[in-house]
Amino acid sequence: MANPLFDTLFAAHAGKKSVFLHLADGSTRSYDAFLGQVARFANALAAMGLEPGDRLAAQIDKSPEALAVYGACVQAGVVFLPLNTAYTAEEVSYFVENSGARVFLCDGARSENLKAVADKAGARLETLNANGTGSFFDLSAVQPDHFKTVDRDGDDLAAFLYTSGTTGRSKGAMLTQTNLLSNAQTLAKAWRFNSDDVLLHALPIFHTHGLFVATNITLVAGGSIIFLPKFDLDAMFGWMPRATTMMGVPTFYTRLLGDARLTAEAVAHMRLFVSGSAPLLAETHREFTDRTGHAILERYGMTETNMNTSNPYEGERLAGTVGFPLPGIELVITDPATGRELPQGEIGQIEVRGPNVFKGYWQMPEKTAEELRENGFFITGDLGLIDDRGYVQIVGRNKDLIISGGYNIYPKEIELLLDDQPGVLESAVIGVPHPDFGESVIGVLVAKDGDTIDSDAIKAAIGSSLARFKQPQRLVVVNELPRNAMGKVQKAQLRETYKGTFAK
Ligand code: MLC
Ligand code: AMP
């Protein structure tokens with residue numbers, strides 16, 4: 001037996017003195033040093049009594065140590081559950097409890113606040129701070145830097161990533177070793193990653209894009225990462241000359257384009273820019289090419305599937321498309337009503353099948369059955385078509401979802417909270433175009449008869465429940481919501497009415 005994910009991504013680099021991480025302060029972490037930390041953490045997990053298959057939830061800042069926790073979980077066979085650092089205690093509570101996490105890692109500054117969360121879920125709370133210190137680090141410091149890697153099968157779980165649903169309840173997407181490994185290998189090959197590559201990494205590491213796409217690919221190739229705590233234009237331009245590749249959400253690209261430092265010379269040595277997680281406007285794609293000579297490579301993926309399609313490395317990277325299905329991955333367009341495959345060129349729901357597709361939602365067999373067909377196809381909820389050259393175009397969503405700056409926001413979750421506020425009869429939450437975030441959130445409220453709505457009080461009230469990025473940027477009060485003959489709220493009409501709210 002072996003541990004395919006650990007053996008390929010991590011153990012393959014044992015003893016290497018070459019740089020794995022370039023850090024913002026100018027220091028570096030070699031592969032060897034990083035793997036030592038991974039092993040100490042894995043020993044600490046075992047010392048705490050964690051067993052293969054147990055879950056570890058982590059709401060921690062981006063740091064080399066945070067990344068080492070991921071490696072340690074893989075090595076010890078523990079299922080890694082990273083959480084957005086913007087989530088409130090109330091949001092986190094659900095994930096820790098629902099996943100049955102045995103250990104919950106958080107930042108020291110939040111431990112007092114999150115102690116009750118851990119206690120309620122019966123999880124052990126440990127801390128890991130952005131500078132690498134904390135109670136978990138202390139536990140690991142006395143541990144050896146060798147750990148006997150736990151045997152795992154390709155079908156064993158490696159990670160849980162929670163993704164919200166149209167019902168407002170988050171679902172834990174169960175990702176196996178094979179899901180992660182197959183996709184990393186496929187992408188590394190498709191995008192020609194090699195050991196000379198230096199990836200400019202400013203994404204968070206609690207989502208698929210920054211953790212699996214960016215990090216796993218680099219680990220497969222044995223390259224290095226400029227590991228920045230967050231996206232910051234000065235840091236991006238400061239480090240760009242040392243990088244060969246960059247991955248980002250569309251907001252990264254619009255922000256770079258908004259800066260005069262983005263010139264052909266500044267990026268002359270770069271070999272690849274990748275965009276994903278949200279639609280890249282064709283105009284952004286063209287502007288970037290005009291300014292730099294680089295055609296951004298847009299790809300399409302999701303939490304449940306990792307990456308599904310990609311524009312070609314060699315060949316035309318077509319603006320407004322997400323390219324072709326990746327090798328080994330099938331993609332079909334089906335009629336949402338019948339599930340039957342549609343002829344080429346017609347718009348329908350996008351379904352995908354392959355080794356990348358997740359195992360199902362944690363403890364939600366009905367939800368899994370609704371979206372994952374028995375024949376292995378996963379219904380993505382995205383609407384698209386395949387053009388006459390085989391390029392996939394995403395034209396919309398069959399799910400009520402807003403993507404703001406690459407973060408998914410499910411209107412239902414916000415509507416449930418708004419509906420509970422004093423004076424509110426009902427609400428509709430919509431996404432409208434936003435020049436920086438792509439889409440931004442607006443809450444449309446209807447008052448109860450004879451009541452008035454205090455928008456400021458509502459904003460303050462939902463603040464403790466909802467992460468900032470999910471909170472409506474605007475609340476508007478209307479007499480009634482537009483409805484069709486069946487009584488269904490017409491969100492398309494609302495989106496049309498408010499589309500100019502954040503216009504430049
Ligand atoms: C931050 N803020 C946001 C926001 N990010 N608001 C809406 N949408 C967002 N995405 C708010 C904060 O709450 C704060 O509000 C203010 O902006 C400043 O916070 P910040 O942290 O300084 O923001 P900034 O650094 O500018 O962050 C913007 C960003 C970041 C776009 C760089 O959101 C980001 O890195 N996004 C990447 C998300 C990602 O990795 N997605 C991949 C998902 S995986 P206030 O009010 O307090 O000032 C996936 C699958 C796939 O989708 O295909 O890849
Ligand atoms: P998440 O659940 O956070 O993984 O988000 C996945 C969703 O992001 C997909 O279902 C798509 O709606 C969207 N998405 C990802 N990449 C792209 C892209 N290149 N273009 C358009 N939408 C995308």
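**Exercise 1. In which kind of crossing does α10 pass α11?**

Keep in mind that you're working with a predicted model here.

Step 1. Find the two helices: α10 covers residues 250-257 and α11 covers residues 282-292.

Step 2. Look at how they pack. The angle is about 45 degrees, and the axes lie 10 Å apart. Angles from 65 to 115 degrees would count as roughly perpendicular and those under 35 as roughly parallel, so α10 ends up oblique to α11.

Step 3. Now check the handedness: α10 makes a left-handed crossing as it passes α11.

**Exercise 2. Work out which residues sit around ligand 1 and what polar contacts they offer.**

Step 1. Start with the shell. Ligand 1 has 23 residues around it, with K230, S277, R299, S404 and R468 as the closest.

Step 2. Pick out the polar contacts from side chains. S277 puts a polar side-chain atom 2.6 Å from an oxygen atom of ligand 1. For R468, an N or O atom of the side chain is 2.5 Å from an oxygen atom of the ligand.

Step 3. Don't skip the backbone: a polar backbone atom of G405 lies 2.9 Å from a nitrogen atom of ligand 1.

Step 4. Check the cover. On its own, ligand 1 has 1000 Å² of accessible area, and the protein covers 74% of that.

Step 5. Trace the shell back to secondary structure. Two or more residues each come from α8 (208-221), α10 and β13.

Step 6. Sort the shell by type, and you get 10 nonpolar, 9 polar and 4 charged residues.

**Exercise 3. Do the same for ligand 2, and find the element that gives the largest share of its shell.**

Step 1. Here the shell holds 16 residues, and R299, T303, D382, K399 and N408 come nearest.

Step 2. Go through the contacts. D382 has a polar side-chain atom 2.6 Å from an oxygen atom of ligand 2, while K399 has one 2.8 Å from an oxygen atom of this ligand. S277 turns up with its backbone: an N or O atom there is 3.2 Å from a nitrogen atom of ligand 2.

Step 3. For cover, take the 500 Å² of accessible area that ligand 2 has on its own; the protein covers 92% of it.

Step 4. The elements giving two or more residues are β13 (297-302) and β20 (392-397). With 5 residues, β13 supplies the largest share.

Step 5. By type, the shell splits into 7 nonpolar, 4 polar and 5 charged residues.

Key
Residues are numbered from 1 along each chain as its sequence is written. Chains are lettered from A and ligands numbered from 1 in the order in which they are written. This is a predicted model: local features need pLDDT of at least 70, side-chain atom pairs count only at pLDDT 80 or more; totals for chains, interfaces and linings use all residues. Side-chain values use heavy atoms; hydrogens and water are left out. A residue is near a molecule or strand if one of its heavy atoms lies within 4 Å of it. A polar contact is a pair of N or O atoms within 3.5 Å; within protein, one must be able to donate a hydrogen and the other to accept it, and residues adjacent in sequence count only if both atoms are side-chain atoms. Accessible areas come from the Shrake-Rupley method with a 1.4 Å probe; for residues, only the protein chains shown count as cover. Helices (H or I, at least four residues) and strands (E, at least two) are DSSP runs, numbered from the N terminus. Ala, Val, Leu, Ile, Met, Phe, Trp, Tyr, Cys and Pro count as nonpolar, Asp, Glu, Lys and Arg as charged, and the others, Gly among them, as polar. Axes are lines fitted to C-alpha atoms, for helices over the stretch in contact, and angles run from 0 to 180 degrees between N-to-C directions. Angles under 35 degrees count as roughly parallel, over 145 as roughly antiparallel, 65 to 115 as roughly perpendicular and the rest as oblique. A crossing is left-handed if the near helix is turned anticlockwise from the far one by less than a right angle, and right-handed if clockwise.
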